[in-house]
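User: I am new to this structure and would like a close look at a single part of it, set in the context of the whole. Please take me through it slowly and in connected prose.

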Amino acid sequence: MRKLMILTASTAALALSACAQEDTSGAETETEMQAQEAEMEADQLEEAADEAPTEAGEEMLDEQADAMEDKADVLEEQADEEEGALAQ
């Protein structure tokens, strides 16, 4: 069971690395780019959770996805503040 959870986490890590290579060229600031990357990582974690072979693995990946979504929200707020400061 533990090996299965490790395999699931490894699969998610591979998906995250692929996700990190996606285009974030529309970002106006570094923080906005980080927020977009965090959102993509959260999406990948949610997909991995949906495909997890065990309930424990699914719960673990769901928790990681939730944490990544929270991080993305915080980064988006910071990016909005930075953009507002740049506009002035």
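Which residues of α2 are buried?

Analyst: The buried residues of helix α2 are Thr31, Glu32, Ala35, Ala38, Met40, Ala42, Gln44, Leu45, Ala48 and Ala49. Before looking at some of them in turn, please keep in mind that this is a predicted model, and that the confidence of the prediction varies along the chain: the mean is lowest in α1, at 60, and highest in α2, at 95. For the protein as a whole the average pLDDT is 83, and 72% of the residues score at least 70.

The setting of the helix comes next. The protein has 3 helices and 0 strands, so that, read from the N terminus on, its elements follow the order α-α-α, with α1 covering residues 2-20, α2 covering 30-50 and α3 covering 55-87. Of the 88 residues of the protein, 30% count as buried, while the surface that the protein exposes comes to about 5800 Å², of which carbon and sulfur atoms supply 48%.

The helix α2 itself has 21 residues, which at 1.5 Å a residue should span 30 Å, and because its end C-alpha atoms are indeed 30 Å apart, the expected and the modelled lengths agree. A like check on α3 gives an expected span of 48 Å for its 33 residues, and the end C-alpha atoms, at 47 Å apart, agree with that value.

Many of the buried residues listed above return in the largest nonpolar core, which has 12 residues, among them Ala35, Ala38, Ala42, Leu45, Ala48 and Ala49, together with others such as Leu61, Ala65, Met68, Ala72 and Leu75. Both α2 and α3 supply at least two residues of this core, and α2 gives the most, with 6 residues. On the side of α3, the buried residues are Gly57, Leu61, Ala65, Met68, Ala72, Leu75 and Ala79.

Two residues of α2 show how the helix meets residues further along the chain. Threonine 31, which is placed in helix α2, has a relative accessible area of 9% and therefore counts as buried, the limit being under 20%. Leaving out residues up to four places away in sequence, threonine 31 touches Leu75, Gln78, Ala79 and Glu82. Alanine 35, with the same kind of neighbours left out, touches Ala72, Leu75 and Glu76, so Leu75 appears among the contacts of threonine 31 and of alanine 35 as well, contact here meaning heavy atoms within 4.5 Å.

The view from the other helix can be taken at alanine 72, which lies in α3 and is buried, with a relative accessible area of 2%. Apart from its neighbours within four places in sequence, alanine 72 is in contact with Ala35, Ala38 and Glu39. Methionine 40 is separated from alanine 72 by 32 residues in sequence, yet the distance between their C-alpha atoms is 9.2 Å. Across the protein, residues 24 or more positions apart account for 63% of the contacts with a separation of 6 or more.

The loops on either side of α2 complete the picture. In the loop between α1 and α2 lies glycine 26, which counts as exposed because its relative accessibility is 58%; its C-alpha atom is separated by 9.5 Å from that of glutamine 36, a residue 10 places away along the chain. In the loop between α2 and α3 sits threonine 54, which, by contrast, is buried, with a relative accessible area of 14%. The side chain of threonine 54 reaches the backbone nitrogen of glycine 57 at 3.0 Å, and glycine 57 is one of the buried residues of α3.

Conventions
Residues numbered from 1 in each chain as written. Predicted model: local features only at pLDDT ≥ 70, side-chain atom pairs only at ≥ 80, totals over all residues. Heavy atoms only, no water. Core = buried A, V, L, I, M, F, W, Y, C linked by side-chain atoms within 4.5 Å. Buried < 20%, exposed > 50% of the residue type's maximum accessible area, 1.4 Å probe, protein only. Helix = DSSP H or I, 4+ residues; strand = E, 2+ residues; numbered from the N terminus. Areas by Shrake-Rupley, 256 points an atom, 1.4 Å probe, with all protein chains shown as cover. Polar contact = N/O pair within 3.5 Å; in protein donor to acceptor, adjacent residues only side chain to side chain. Expected span 1.5 Å × (residues − 1). pLDDT = per-residue confidence, 0-100.
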